[in-house]
Amino acid sequence: MINFDYLRVSTPKAAIEALSRDSNAQWIAGGTNLIDLMKKGVMAPQKLIDISNLPLKEIKKEGGKIHIGAMALNSDVAENELIQKEQPLLCLALKAGASQQLRNMATVGGNMMQRTRCPYFYNTDLPCNKRQPGSGCGALKGFNRMHAIFGASDKCIAVHPSDMCIALVALDAVVLVNGPKGDRRIPFSDFHRLPGETPQKDNTLDRGELIIGLEIPDNPYKKNVHYLKVRDRSSYAFALVSVAAALDLQGNSINDVRLAMGGVAHKPWRLSEAEAFLKGKNASEPVFREAAQLAMRGAKGYGQNNFKLKLAPNTIVEALKTAAAKS
Amino acid sequence: MATKGSYHDQSDDKAANEGRRKFLKQSSLLTALAVAPTHLVKAAESEIDEKAAAYFEQVPLSIEVNGAHHKLSVEPRVTLLDLLREQLALSGTKKGCDHGQCGACTVHVNGKRVLSCMSLAVMQEGKKVTTIEGLADGDRLHPMQEAFIKHDGFQCGYCTPGQIMSGIACIREGHANSEDEIREYMSGNICRCGAYPNIVKAIADVKKGGQQL
């Protein structure tokens, strides 16, 4: 790892000011992704500004909304009683991600900012438009077993790697941001972006904007929820496909539903069409199957990942069945 | 079977081991210098340690490791793992993948298990670190160390310090209530020899014993 300068800050204001003074500086929180990328030479900031001590760790309920500070640890959120009671889908997704050691280090804000695990992005000898714009996408006709089936472009077919974010997009979370030009509230579905012509941009934050927390509006998804993650081993692996499913059932009738998929796109992939179809229907496997087929509209394989075209709808059906069966 | 002394002269063994460590340390420093600017290499040729250290910016660090307070000076890029192994001579914590994928470097920071290879030492200011060396009370092994021996929870032993640190935390966190739960919450510790069944037995046994960990 190349050497760098190090600065510790204790307020969001100081963090934003320090970053704006130095175009080669970067924030570090848990460091579980950034340090790895720096060791690999994928990222090489000249200065790291340590924001892990910012007073943004609180998890609370206020005005009918759950508030989670950006520096709350993934394990603290997953084990939090309030979150377990009110947003169990988020706990399930968090526990499906990484290992307990990494969850003890990684923050909520850092989880949202993590980069893709595409092997072309990670290997500085290979072409990657995300790492080096204009160098090409090695995965497009290369090793693309882990890659996107929705929303990709010929510039990039990488996927967003987080589990937590799949639950958050399903739960209509809002990202709270402070920046040099003021504060913003970004709906979770608008936070991450599709690659298009500029895959180097993972999200819609401007430089110098700091995530200070998340809000999750109250919802009825306390019981019939499931996060199904299909991966190469039963734990501690990135998703091939994952599905966050939340059902609000009245008897067997679906009052409301939330569905999102991971491992399939450059951003957490919300299944709005399938949700609209399911509303008001009875919960049953044939209905779930029909919704899953709707969700697959526009899907495209790139060779090695063609199996996802079958795996994804099957995972949707299984996640919905498991969620519906919880009592 | 021969007695310990006649079979293997342990003092020679220890000296050879220290020689090997010193060689590894020096050769890895020279490798680092090979990619450093030439004026630095020239400066380093005479006095390797001092000059190289003086070139890079050092940050003061106050840290407690296994109950001992240290006031140190470290480069920002030094990981907690390298600090433990290279500066504090605590080589019990192992460097496996060095990329947060194997768990061999697991230590406790302020009572929580973390990966020391993915932690910058400078970010541990004022924190309390426990490594595998901090578990035994003199010659009396920690219950988890005893259990790994009793259940044969290792073969080559390289992942074992990480497994033991992780296993203790797994019980403290309340995640050792069934074999399935132990397997899930120990999934961040890879054992290439495949000693998993015995590792799970060891942790389940300590949990059943109900000792204060």
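These legends accompany several views of a predicted model that contains chains A and B.

**Figure 1. Chain A as a whole, with its 13 helices and 12 strands.** Let us start with the overall dimensions of this chain. Along the principal axes, the C-alpha atoms of chain A fill a box of roughly 60 × 50 × 35 Å. The radius of gyration is 19 Å, which agrees with the value near 20 Å that a compact globule of 327 residues would have. Of those 327 residues in chain A, 51% are buried. Contacts can also be sorted by sequence separation: of those in chain A between residues at least 6 apart, 62% join residues at least 24 apart.

**Figure 2. The two assigned domains of chain A.** Domain 1 covers residues 5–52, and domain 2 covers residues 225–325. If you would like a distance to check, the centres of domain 1 and domain 2 of chain A, taken over C-alpha atoms, are separated by 36 Å.

**Figure 3. Chain B, built with nine helices and five strands.** Following the sequence of chain B, you will meet these elements in the order α-α-α-α-β-β-α-β-β-β-α-α-α-α. Buried residues account for 36% of the 213 residues in this chain. Among the contacts in chain B with a separation of 6 or more, 56% come from residues 24 or more positions apart.

**Figure 4. Helix H6 of chain B and its buried residues.** This helix spans residues 143–150, and its buried residues are B:Met144, B:Gln145, B:Ala147 and B:Phe148. Why do they lie on the same side of H6(B)? The four cover an arc of only 160° around the axis, and that puts them on the same side of the helix. Their packing partners in chain B are helix H7 (160–172) and helix H9 (196–209). Just after H6(B), have a look at the backbone of B:Asp152, where phi is positive, at about 55°.

**Figure 5. The contact between chains B and A, with 25 residues from chain B and 21 residues from chain A.** Two elements of chain B, strand S4 (112–115) and helix H8 (179–185), each supply at least two residues of the side that touches chain A. Which element gives the most to this side of chain B? That is S4(B), with four residues. By residue class, the side of chain B that touches chain A divides into 10 nonpolar, eight polar and seven charged residues.

Note on methods:
Residues are numbered from 1 along each chain as its sequence is written. Chains are lettered from A and ligands numbered from 1 in the order in which they are written. This is a predicted model: local features need pLDDT of at least 70, side-chain atom pairs count only at pLDDT 80 or more; totals for chains, interfaces and linings use all residues. A residue is buried if 20 or more other C-beta atoms lie within 10 Å of its own, exposed if 12 or fewer, and partly exposed in between; C-beta atoms are placed from the backbone. Two residues are in contact if their C-beta atoms, placed from the backbone, lie within 7 Å. Domain bounds come from an automatic or database domain assignment. The arc is that of the directions from the helix axis to the C-beta atoms. Ala, Val, Leu, Ile, Met, Phe, Trp, Tyr, Cys and Pro count as nonpolar, Asp, Glu, Lys and Arg as charged, and the others, Gly among them, as polar. The radius of gyration is taken over C-alpha atoms; the globule rule is 2.2 Å times the number of residues to the power 0.38.
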